[in-house]
Structures are given as C-alpha cells and as structure tokens.
Amino acid sequence: MSMEAVIARVIAVAENKLAASTQKLAPNQYPTATLPHNGQWMFNNAGHWTSGFFVGCLWQLHALTGKPEWAAAAQRWQEGLADKQRTWQSQHDFGFIYLPSYAASYAVTQSASDLRQALAAAEALAWNWNPATRSLRTFEGWEPVQASKAYKQIVIIDFMMNLQMLVWGAKHVKHWGAYQSFVDRQPEQDWMHMAVEHARQVAANHVRPDGSTYHIVEYHPDNGAVIRRYQYQGYKDNSTWARGQSWAVAGFSILHAETGLPEFLEVAKRTADRWLQMLSEQEDPAKGSYVPKWDFNAPYDPANDGPRDTSSAAITALGLLHLAEALPGTECGQRYLCAAVNTLRALASPKYLASPDEPHAAVLKHATGNLPDNDKIDVGLVYADYYYLQALKKCQDMEACRSYSL
C-alpha cells in the first residue's frame, strides 16, 4: 500500500471517529482516553494536560482534508481553553494545551485573538523558568512515589514537547507589536533562551550515554545539582519507558528544526538510533514490530500483547520524519525515513487502527498510559491520535515520504 493510500485510509477512519465524537460530546468535554469496557471516551475539563489534544485532532484533520467543518469544530472546542493561562497555577503543560489549539488556529486564521491566546501560554510557561537549574519547573504540587524526600525541582522528559510553546512564542511575539502586555520585557530573546537551555540540561542529564532516557531528573532548586534520576511511568529506574524515549526523539528533532542548532540534531540522532536498536532487540513476538512494548525492558505479557503503546510509536514517527527531513540524500536520513514510513504503516494496520464500524471512539487502539499505576492500559489515548495525525500531515507535506515505496 502506498503512503498516499495509507494517509487516505487513516483520514477516513479519523473523520468517522471525530464526527461521532463531536456529536456525542459537549464542547467543554475534552477526551483523554477510551474506557476499557466499551471504547468510549473518558473526558476531563479544560485545564487537564491533555485538554488541547482533541482540539488538535480537529485542526490536524482540517489540515489533512482542507474541509472547513473541522476548523469550525476545532474553534468550538478551543473556546473553553481561552483566557485560562494565568489562572491555572499548578499547570505547566501549556505547550500540550495551546500548541495543538490556539497556535494551530492562528496558522489558519491569522487572528489577533488566536495569537494573544497562544502568546499568553508561552508567557505562562516562561514563568516556570528557574535560572539556578537552567530549566523549567515541570511538576509542582504533586510528586511520584519514587521521588526523594529532598527539597527538589522535578523535570520530566515529556517537557521536551512543551518547549515548542516557548519557541513558537519567541518566533511569533513580534507580530503582537509592543510588548507592554508581557511581564518579560524581551520575550523574543528570553523565551528562546529558556527553551534552548532547558533542552541542553535534558540532553546532559536525562539522556544516558547509550541514547536511552530517564523519565525524571531531580535538581536542587537553589544550586542546580542533580539529586537523582529515575523512571516513574517506566518499568525500572534503569529501563527505558517507550513514551519517554519518544518524547526525546520528537522533542530534540523538532527543536533542531526550529533552531538549526547542530547539538540538538546529534541528540535526536542518538535517541532515535537507540529507539531503533531497542525495537530490534525486543523479544518475540514483539521483536521486529514498529509498535513497541510500553517499556523496552519490561517483560512481555502475552495476555496483553506486551502491552504495546501506539502513542509512543506515533510520537516517534513524527520525530523520525523531522530527522529524515534534516538529513536529505544521506544513508542516515533514508534509514529514519524508512523507519518512519514503516511505523506509520504499522499503525494503519487493522491491529492498531480502529475500523469505522468498531465501537471504539479513538482512531488508534492499544496504547498504554501509565502501567505502574494501573492507569489507562490497552486503550485509545487522545494524544496518540493527535501525534499520529500530525505525523501523517508531516508525511503528506514531504514528497519523499508521500511517494515512498518499499
């Protein structure tokens, strides 16, 4: 099957699922994960870290099809996210919420109101900057059971994706005119500086020498010393949680695309190479699959086929496409492109892609949220759908991917 056919197949399923969801849900209901017993959405209110992804799915479907009804639906759902940036005192995931929603909306509408909402998210994210640790606070008011009892600042690998909100803000704040509405008097320089320095800290302290990753690093908030490194959503502290690795692959590859800094390309390649190596080393029957177990080092559970995590595969596919685009005409770039295409195709197979007739609200099946906490296992996850659609849009825009044939 050609990649154009794969994209068309997924679009048909996504239109079916999203049409049904917009009919069943109210615009103040934001899907998170499907229920195990009936496949229908669980949802949260605005402000949950996942509350931007359903809006993002609608915007991605608009981008893939050009149909105005998907833009109209996205605008209805994103209204509930407006003007909340300065009131969510414990929220740090402004990139996850506002990049898929108002930043995507601004790309279509070029409206001042959309720009204001997205820039306000960048500003709120910047308030979490700690110069002592040269990083952003990512967890406040709650801590995992594995956390130390020390006075600490927690940084999670997931935040590599939130950094894109600061980069987006730094590049778009010039369109807002005078900066009098921002506490930061030079956001264009400062927000980019924060994103770059945070990523450098992640590269130094989250990424292991072999290219695998930790989920969490604790810092002393006053002097920046590393207290400890560990997994929270992974199997063991020395294991590699699949989605954590995918956040690194995509986060560094996109940051390289946005900044052009070679250091981030090198980290993206290291984490991608390790991802591909770990895929090949999975035990049977997971070996050779482009959809990994939830943690590469966890024992395979035959009763739950791993369990697998389609969300990490979708996120990594997006990162691999950015790497392929950064390395055109090279053997390395071709390897990343091949892996990305194989991943997108694997996710479009009947095993992972829900059928239109199936009572499953999400586009993708068989994702794993947080297995150690027995939370959202073998379900659909809204962010799996979002990053899959985003990766397919990236493929659609890349002639090398769109026309790829095995």
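Gln 153 has its bridge partner in strand 6: Tyr 219. Next door, Ile 154 is bridged to Glu 218 of strand 6. Helices (H or I, at least four residues) and strands (E, at least two) are DSSP runs, numbered from the N terminus. Keep in mind that this is a predicted model: local features need pLDDT of at least 70 and side-chain atom pairs count only at pLDDT 80 or more, while totals for chains, interfaces and linings use all residues. Residues are numbered from 1 along each chain as its sequence is written, and side-chain values use heavy atoms, with hydrogens and water left out.

**The sheet**

- Strands 5, 6 and 7 make an open sheet of 3 strands in the order 5-6-7, with antiparallel pairing (two strands pair if DSSP finds at least two bridges between them).
- Strand 5 (153–156) and strand 7 (226–230) are the edge strands, each pairing on one side only.
- On average, neighbouring strands here are turned by 20 degrees against each other, direction ignored (axes are lines fitted to C-alpha atoms, for helices over the stretch in contact, and angles run from 0 to 180 degrees between N-to-C directions).

**Strand 6 and its partners**

- Strand 6 (residues 216–219) runs antiparallel to strand 5, and 4 bridges join the two.
- On the other pairing, 4 bridges join strand 6 to strand 7, again antiparallel; Glu 218 has Arg 228 as its bridge partner in strand 7.
- A hairpin links strand 6 and strand 7, with 6 residues between them, and Gly 224 in the turn has a positive phi of about 80 degrees.
- In a regular strand, side chains alternate between the two faces of the sheet.
- Strand 6 shows Ile 216 and Glu 218 pointing one way and Val 217 and Tyr 219 the other way, all of them buried (under 20% relative accessible area, with exposed over 50% and partly exposed in between, using a 1.4 Å probe and protein chains only).

**Helix 7**

- Helix 7 packs on the sheet and touches strand 5, strand 6 and strand 7; its direction makes about 110 degrees with that of strand 6.
- The 19 residues of helix 7 (residues 187–205) should span 27 Å at 1.5 Å a residue, and its end C-alpha atoms are 26 Å apart, which agrees (the expected span is 1.5 Å times one less than the number of residues).
- Buried residues of helix 7 include Trp 191, Met 194, Glu 197 and His 198.

**Ser 253**

- Ser 253 sits in helix 8 (residues 242–259), and it counts as buried because its relative accessibility is 3%.
- Leaving aside neighbours within four places in sequence, Ser 253 is in contact with Ala 268, Gly 319, His 322 and Leu 323 (contact means heavy atoms within 4.5 Å).
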